[in-house]
Amino acid sequence: PVGLMSVAAAAIRGAANLYAVGSRKNCADLALEFGATNIINYREGDIVEQILDLNHGPVDKVIVAGGDNDTFAQAMEILKPGGIIGNVNYLGEGDFVGVPRSHWGCGMGHKQLRGGLMPGGRLRSEKLARLVMTGRIHPEKLITHRFTGLESVEQALMLMKDKPRDLIKPLVTIE
């Protein structure tokens with residue numbers, strides 16, 4: 001869901017060519033609905049080659065919303081000099097994030113890597129709520145599984161752990 005909301009946010013901010021990476025049809029369909037112009041399926045070939053071919057060269061910005069520690073090497077490789085990588089992915093294992101110095105322009109490419117938690121606060125929360133209320137974003141479309149009651153929380157969590165192909169996000173309603 002973080003990647004899909006990243007697609008929606010990039011579309012709202014005016015991204016012209018918006019490449020979403022994934023292999024699950026339900027996520028790909030929703031990414032296109034949210035504003036992606038192309039779906040890059042990593043099962044069908046190298047991500048870097050697919051994006052560079054479609055874009056006819058490097059891209060301006062990259063959002064890393066999934067993958068692993070090696071994803072940053074791919075992001076740096078497809079990024080133009082002066083470009084920015086925004087990381088919204090949680091890296092839960094490994095000691096290092098690998099970025100080959102050549103992909104980073106040997107440190108002279110003015111490529112930036114930014115990351116962190118979304119800042120909170122009342123004003124930001126109100127802005128996000130307005131985006132939902134005015135129909136600019138549709139987080140409700142992420143819900144693929146619905147549960148009721150506190151006793152369903154474990155089942156919903158196990159669903160997220162097991163990641164069936166039809167899952168985007170479970171919702172547990174507590175009455």
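These are legends for a handful of close-up views of a predicted model.

**View 1. A negative patch that includes Glu49.** Four acidic residues make up this piece of surface: Asp46, Glu49, Asp53 and Glu77 together form a negative patch. Glu49 is a handy one to start from, and it sits in helix 3, which covers residues 47-55. Its relative accessibility comes to 52%, so Glu49 counts as exposed, given that the exposed label needs over 50%.

**View 2. The positive patch and the part helix 5 plays in it.** Here the basic side chains take over: Arg13, Lys61, Arg114, Arg124, Lys127 and Arg130 form a positive surface patch. Which helix gives the most to the positive patch? That would be helix 5, residues 122-133, with three residues. Arg13 comes from elsewhere in the chain, namely the loop between helix 1 (2-12) and strand 1. With a relative accessibility of 77%, Arg13 counts as exposed.

**View 3. Asp29 and Lys25, a salt bridge within helix 2.** The structure holds five salt bridges, and this view zooms in on one of them. The side chains of Lys25 and Asp29 meet with an N to O distance of 2.7 Å. Why are they separated by about one helical turn? Because Asp29 and Lys25 are four residues apart in helix 2. Their exposure labels are worth a look too: Lys25, at 60% relative accessibility, counts as exposed, while Asp29, at 37%, counts as partly exposed.

**View 4. Glu33 and Lys141, a salt bridge between separate parts of the chain.** In this pair, the closest N and O atoms of Glu33 and Lys141 are 2.1 Å apart, and the two residues form a salt bridge. Glu33 belongs to helix 2, whereas Lys141 is in the loop between helix 5 and strand 6 (143-148), so the bridge ties together parts that are 108 residues apart in sequence. Are the partners buried, exposed or partly exposed? Glu33 has 48% relative accessibility and so counts as partly exposed. Lys141 comes out at 35%, which means that Lys141 counts as partly exposed as well.

**View 5. Lys161 and Asp162, an exposed salt bridge pair.** Lys161 forms a salt bridge with Asp162, and their closest N and O atoms lie 3.8 Å apart. That distance makes the list because the cut-off for a salt bridge is within 4 Å. Both Lys161 and Asp162 are exposed.

**View 6. Ser23 and its polar contact with Tyr42.** Ser23 is found in the loop that runs between strand 1 (19-21) and helix 2 (25-34). Is this serine, Ser23, buried or exposed? At 15% relative accessibility, Ser23 counts as buried, since the buried label applies under 20%. Its side chain also has company: a polar contact of 3.2 Å joins the side chains of Ser23 and Tyr42.

**View 7. Gly92 in its loop, with Gly67 for reference.** To find Gly92, follow the loop between strand 4 (79-87) and strand 5 (112-115). Gly92 is exposed, with a relative accessible area of 57%. How many residues apart in sequence are Gly92 and Gly67? The two glycines, Gly92 and Gly67, are 25 residues apart in sequence, and their C-alpha atoms are 11 Å apart in space.

Notes
Residues numbered from 1 in each chain as written. Predicted model: local features only at pLDDT ≥ 70, side-chain atom pairs only at ≥ 80, totals over all residues. Heavy atoms only, no water. Patch = residues over 30% accessible without salt bridge, like charges linked within 9 Å, V, L, I, M, F, W, Y side chains within 5 Å. Areas by Shrake-Rupley, 256 points an atom, 1.4 Å probe, with all protein chains shown as cover. Lys, Arg positive; Asp, Glu negative; His and termini not counted. Charge placed at Lys NZ, Arg CZ, Asp CG, Glu CD. Helix = DSSP H or I, 4+ residues; strand = E, 2+ residues; numbered from the N terminus. Buried < 20%, exposed > 50% of the residue type's maximum accessible area, 1.4 Å probe, protein only. Polar contact = N/O pair within 3.5 Å; in protein donor to acceptor, adjacent residues only side chain to side chain.
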